[in-house]
Each structure stands twice: as structure tokens, then as C-alpha cells.
Amino acid sequence: MADKSLRSPMGRFAPSPTGPLHFGSLVAAVGSYLLAKQAGGRWLLRVEDLDPPRVVPGSADSILSLLERIGFEWDGPVIYQSQRFDRYAEIIDWLIERQFVFECSCSRRELIASAPHSGDDGPIYPGTCRSGPVGNRAEKSLRLRVVDEEVGWCDPVFGCLQQNLQQELGDFVLRRADGLYAYQLAVVVDDIDSAVTQVVRGADLLSSTPRQIYLYRCLQQRPPDYVHLPLALGADGEKLSKRHGQSGVVDELNCDRALWYAFSFLGQNPPSEMRGGSTRELLQWGLQNFDLDAVGASARPAPELV
């Protein structure tokens, strides 16, 4: 594994190719790009095509083309999670050898029925299979053992946070019962191997952070610095997503306005005369003027792009 302590600052943007680029993803791209480049570091691009059934054919190429059109410049080749399954298997074997993980035969229905409490991400796993699978289901997931202690970190936007994984989540899945690798495993392994030192992403992933920090500890690696940006909301007050249709979609026709709105969404007060102008000039303005202290934590409505 790469040793991040010996590397220069490294940021990354990791879109999922489940559809076109949305405004919320553009916000994350802007934040991650500018913070990495302002620090004199590099910026990587990773396609998180980890779950084949959810991948929309052609969307990865479309997103990359649009990012290039806007003016984002990434360092090195694009990384595709779908090409890294052998690496994830290698890490799983490492964890198995050290008894950090165990097989679980519980289905989601069984967990809902047996778990006494529900956390932010569903039922809290009660440790049913910690001493060995108890059910008859042939397909088994692989869970990471967690400990009864707080995992804490400080986020520049959301402040200092902590979570007791055992009490608030339970042992969590690293490989699903269908054989697919879980996001929590893949993202940590990818970031370690790419020497990522700074992760900038949406606030919807705040709840994933303690799990990922804990996995870093198990892998004997130092976690990156985490920065979470406010959520962009649809007209219904929910996180902007593809279910909101075209209202939040960034495309070739509106990307110049969308980039200006992304800066404004992040509290940066971009010059009004740059709205609808050159996206490359606006990115250059951002490199000189982006101020993380101006970014608020509150979710807010996304602009109408159609």
C-alpha cells in the first residue's frame, strides 16, 4: 500500500456512472479540485462503477467529457473500480487472515426483525453471526468486526464529530452476499493505493466517514482529511438525485451557468459578470479566491438549470 505521509497533497473526485452529472456532483468536483490545487497538490478522477446493475451504459464517458469541457484537469489516468476487484479480494484475504472479518448469513429481512434498534443507515447489526453463521442461507456476506469505542474526526465545515460504531451501527459489510464488494471497502482501498490525503464530498456521506476511518485503522494506514460540503436539495426538499428529472442535470448547454451557481452555492460570491462566461476562466478565478471558511453546512435548494 502507498504511504500518504511521503506524498504531496492528493485530492480526488469519484462520480458514480448511474446517470448524467448532477449539480450536487458538480459542487463536489469544484470543492475537491480547488482545495487540492490550492494546496499545490494533485487531483485524481475515479469512476465508482462498483455495482454493475446500477451503471448506465455510456454515462461514465459522458461525465468525463463534460468535466473536460468545463476545464477540469486531472493528474494521471482515470481509475475504474470495476477493474480493481482483484485488489479488493487481496485486501479481503488480508483481513480474513487477521480475523478482522466474519461471515454472516443474515438477510436484511432477518436483521430488521431481530435488531432491537435502528440507526441512521438501517437496523443496527446485533452481532448475530460473530461466532459463526447461524442461518442456512448459502450466500454469506462478510462483515468487519467493530469495537465499543468512539471514532472521532474534525470536519472544517461540520465541526468535530464522533460515532460509536458498535452501539450505533454494528459490524458492517465489506463484501455483500451476492459477491459484490461494498462501497466502504472499495473507497478506502482505492484512496490508500492512490495516496489520497484529502477527501472532499457531499454531506450525504458523513455517516460513512467513521466506518472508513475505522477500516483505515484495521489496515494500519492513516486516514485522509475529510471535508463534507452542504447538500443540494430538489424542489421536494430531498437530496437532489436523478428522481428529480432534468432540473438538476448539468449538460453541455448549461454547464457554464451551472459552474457559476456551484461557486455561489458554496458561498464564494463569484463575479456576476462571469455567470454564463468561460468556465475555464471561472475555475482560474476559483483557484485564486476559493475560501473554505465561507462554505456553510446547511443544505439548500439547488438552482434550476433547465
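**Figure 1. Thr279 in helix H9 of the predicted model.** In this predicted model, Thr279 has its place in helix H9, which comprises residues 279-289. Thr279 has a relative accessible area of 4%, and it therefore counts as buried. When its neighbours within four places in sequence are left aside, Thr279 is in contact with Arg69 and Ile70, and also with Cys255, Asp256 and Leu259.

**Figure 2. Asn269 in the loop that leads to H9.** Between helix H8 (255-265) and H9 there is a loop, and Asn269 lies in this loop. The phi angle of Asn269 is near 50°, which is a positive value in a residue other than glycine. Is Asn269 buried or exposed? Its relative accessible area is 67%, and Asn269 is therefore exposed.

**Figure 3. Gln220 in the loop between H7 and strand E12.** The loop between H7 and strand E12 (225-229) holds Gln220. Although Gln220 is not a glycine, its phi is positive, at about 60°. With a relative accessible area of 62%, Gln220 is exposed.

**Figure 4. Helix H6 and the elements that pack against it.** How many of the eleven residues of H6 are buried? Nine of the eleven are, and H6 is thus described as mostly covered. The buried residues of H6 are Gln184, Leu185, Ala186, Val187, Val188, Val189, Asp190, Asp191 and Ile192. The buried residues pack against three strands that can be named as E1 (10-13), E2 (42-47) and E10 (172-175), and they also pack against E11, helix H3 (85-97) and helix H7 (209-218). **Figure 5. Ser194 and Ala195, just beyond H6.** Ser194 lies in the loop that runs between helix H6 (183-193) and strand E11 (198-202). At 14% relative accessibility, Ser194 counts as buried. Leaving aside residues within four places in sequence, the contacts of Ser194 are with Met10, Leu44 and Ile79. H6 is also followed by Ala195, which has a positive phi, near 60°.

**Figure 6. Lys37 in helix H1 and its contacts.** Lys37 is found in helix H1, which covers residues 23-38. How exposed is Lys37? At 24% relative accessibility, Lys37 counts as partly exposed. Not counting residues up to four places away in sequence, Lys37 touches Arg42, Trp43, Glu73, Asp75 and Leu287. Lys37 and Leu287 are 250 residues apart along the chain, yet their C-alpha atoms are separated by 7.2 Å.

**Figure 7. The disulfide between Cys154 and Cys160.** A search of the whole structure finds one disulfide. Cys154 and Cys160 form a disulfide in which the two sulfur atoms are 1.9 Å apart. The torsion about the S-S bond of Cys154 and Cys160 is about 95°, and for this reason the disulfide is right-handed. Both Cys154 and Cys160 are exposed.

**Figure 8. Cys104 and Cys106, a pair of cysteines without a bond.** Which cysteine sulfur is closest to that of Cys104? It is the sulfur in Cys106, but at 3.7 Å it is too far for a bond, because a disulfide requires cysteine sulfur atoms within 2.5 Å. Seen from the other side, the sulfur of Cys106 has its closest cysteine sulfur in Cys104, again at 3.7 Å and too far for a bond. Cys104 is buried, with a relative accessible area of 0%. Cys106 also counts as buried, at 10% relative accessibility.

**Figure 9. The whole protein, as a setting for the close-up views.** The protein has nine helices and 14 strands, and its C-alpha atoms fill a box of roughly 65 × 45 × 35 Å, taken along the principal axes. For 306 residues, a compact globule would have a radius of gyration near 19 Å, and the 20 Å of the protein agrees with this. Of the 306 residues, 51% count as buried. Among the contacts with a separation of 6 or more, 76% are between residues that stand 24 or more positions apart. The accessible surface of the protein comes to about 14,200 Å², and 47% of this surface belongs to carbon and sulfur atoms. As for charge, the protein has 31 positive and 39 negative side chains, and the centres of these two sets lie 3 Å apart.

Notes:
Residues are numbered from 1 along each chain as its sequence is written. This is a predicted model: local features need pLDDT of at least 70, side-chain atom pairs count only at pLDDT 80 or more; totals for chains, interfaces and linings use all residues. Side-chain values use heavy atoms; hydrogens and water are left out. Helices (H or I, at least four residues) and strands (E, at least two) are DSSP runs, numbered from the N terminus. The radius of gyration is taken over C-alpha atoms; the globule rule is 2.2 Å times the number of residues to the power 0.38. Buried means under 20% relative accessible area, exposed over 50%, partly exposed in between (1.4 Å probe, protein chains only). Contact means heavy atoms within 4.5 Å. Accessible areas come from the Shrake-Rupley method with a 1.4 Å probe; for residues, only the protein chains shown count as cover. Lys and Arg count as positive and Asp and Glu as negative; His and the chain ends are not counted. The place of a charge is taken as NZ of Lys, CZ of Arg, CG of Asp or CD of Glu.
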